[in-house]
Amino acid sequence: MSTRFANNTAGCAAACLLLGASAAGFAQGPDAAKGYPSRPIRIVVPFTPGGQPDIVARIMVPRLVELLGQQVIVDNRPGAGGTIGGRIVAGANPDGYTLMSVSAAHVVAPAVRANIGYDTLKDFAGVTMTANAAYYLVVPPSLEVRTVKDLIALAKARPGQLNFTSAGTGSATHFGGEMFKHSAGIDIVHVPHKGIPEALTDMMAGRIQLFMAPFGSTAGLIRDGKLRALAVSTPQRTRMNPEIPTIAESGLPGFRYDSWAALFAPSKTPRAIINRLNQEATRVLKLPDVEQRLLAVGIEPAPGTPAQLDKFVAEQLKQAIALAQRAGIQPE
């Protein structure tokens with residue numbers, strides 16, 4: 001090879017590297033969303049169908065298709081407390097074509113599981129909070145309490161004699177019960193079950209005294225008088241049951257434990273694409289028909305900015321780790 005040819009080749013290679021770096025920088029700029037999307041988008045739900053993040057995604061999808069002009073596919077990838085789906089999205093190409101609809105399990109998993117395969121804060125970019133729902137603090141009708149203050153007084157009078165249930169150690173319902181226990185300063189015993197149906201069966205039989213339960217699982221039981229709802233876990237009363245007070249207004253100021261769902265993308269997704277997705281998802285969540293369908297299953301639309309979601313996740317993760325430590329839950 002001649003010296004002249006070698007120099008030309010080296011010069012071309014250097015120019016190509018510069019052009020590649022320039023193109024990469026351009027892709028992150030304000031024009032990154034031009035032409036997006038040009039193919040189908042996949043929303044990974046790291047749980048089985050029927051849970052809150054799955055329901056929210058499926059209700060949103062038809063309207064997202066209309067606004068984005070491309071097919072949107074919901075892909076359920078359950079397992080390992082949501083971390084299997086999380087690994088798929090964390091490792092996906094950050095081009096806006098792989099997203100994740102996930103619940104509070106997103107921040108619970110790193111608190112109760114070791115080596116989940118990704119960094120919850122560094123490997124995901126928030127798109128928007130999509131929905132919020134309350135947990136209902138329920139007791140069996142046989143328990144002679146009518147308010148949260150009554151329940152706390154009873155628990156303090158009988159330390160270690162009352163118990164609370166959950167859908168399993170490390171589950172969101174377990175964390176809700178631990179938060180109530182800590183906030184109220186009471187000594188109650190955790191009795192985990194394999195799932196929510198089993199927990200509710202023991203509740204109705206009077207073998208369990210309290211449960212921080214999802215609305216969808218308990219609405220009919222509360223309506224039929226098989227369970228008594230003392231309060232809801234959200235900062236405000238729900239639109240579905242405005243007559244039920246919040247835990248915060250019932251003697252524990254500042255108490256908040258939400259059942260939330262949110263939309264995420266891989267962390268290096270161009271900001272312009274994140275903003276486009278946020279804009280369209282927000283539009284969808286504000287549509288009357290979408291809102292009505294969500295409210296019908298006890299879920300309230302809760303869109304926000306990417307920055308708000310990222311901040312919220314950081315706060316929730318810190319809270320989950322602290323709760324796990326107080327409850328003596330060791331990462332498996």
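What covers the buried residues of helix 5? In this predicted model, the cover includes strand 4, helix 6 (172-184), strand 7 and strand 8 (228-232). The buried residues of helix 5 (residues 148-157) include Val-148, Leu-151, Ile-152 and Ala-155. Viewed down the helix axis, the buried residues of helix 5 fall within an arc of 95 degrees, so they line one face of the helix. Lys-149 and Ala-157 are exposed on the other side of helix 5.

Strand 7, part of that cover, spans residues 210-214; five of its five residues are buried, so the strand is largely enclosed by the rest of the structure. Its side chains alternate in direction: Leu-210, Met-212 and Pro-214 point one way, while Phe-211 and Ala-213 point the other way. Strand 7 is joined to strand 4 (residues 124-139) by four bridges, and the two run antiparallel. With strand 5 (residues 163-166), strand 7 shares two bridges in a parallel arrangement. Phe-211 takes part in both pairings, as the bridge partner of Val-138 and as the bridge partner of Thr-165.

Two residues of strand 4 were examined for their surroundings. Ala-134 is located in strand 4 and has a relative accessibility of 5%, so it counts as buried under the 20% cut-off. Beyond its neighbours within four places in sequence, Ala-134 is in contact with Ala-213, Phe-215, Val-232, Ser-233, Thr-234 and Thr-238. Among these contacts, Ala-213 belongs to strand 7. The C-alpha atoms of Ala-134 and Asn-93 are separated by 34 Å, with their positions 41 residues apart along the chain. Thr-130, also found in strand 4, has a relative accessible area of 2% and is buried. With residues up to four places away in sequence left out, Thr-130 touches Val-56, Met-60, Ala-261, Ala-262, Leu-263, Leu-285, Glu-300, Pro-301, Ala-302 and Pro-303.

Backbone geometry was considered next. Most residues other than glycine have a negative phi, and most peptide bonds are trans. A cis peptide bond, with omega at about -5 degrees, joins Tyr-36 and Pro-37. Pro-37 is placed in the loop between helix 1 (3-27) and strand 1 (41-45). Ala-80 is not a glycine, yet its phi is positive at about 55 degrees. Ala-80 lies in the loop between strand 2 (72-76) and helix 3 (83-90), and its relative accessible area of 33% makes it partly exposed. A positive phi, near 50 degrees, also occurs at Asn-115, in the loop between helix 4 (105-112) and strand 4. Asn-115 is exposed, at 79% relative accessibility.

For the chain overall, the secondary structure consists of eleven helices and ten strands. The C-alpha trace spans about 95 × 45 × 30 Å along its principal axes. Of the 332 residues in the chain, 50% are buried. Among contacts with a separation of 6 or more, 79% are between residues 24 or more positions apart. The exposed area of the chain is about 15,300 Å², of which carbon and sulfur atoms supply 54%. There are 32 positive and 24 negative side chains, and the centres of the two sets lie 3 Å apart.

Definitions and conventions. Residues numbered from 1 in each chain as written. Predicted model: local features only at pLDDT ≥ 70, side-chain atom pairs only at ≥ 80, totals over all residues. Heavy atoms only, no water. Buried < 20%, exposed > 50% of the residue type's maximum accessible area, 1.4 Å probe, protein only. Contact = heavy atoms within 4.5 Å. Areas by Shrake-Rupley, 256 points an atom, 1.4 Å probe, with all protein chains shown as cover. Lys, Arg positive; Asp, Glu negative; His and termini not counted. Charge placed at Lys NZ, Arg CZ, Asp CG, Glu CD. Pairing = 2+ DSSP bridges. Arc of directions from axis to C-beta.
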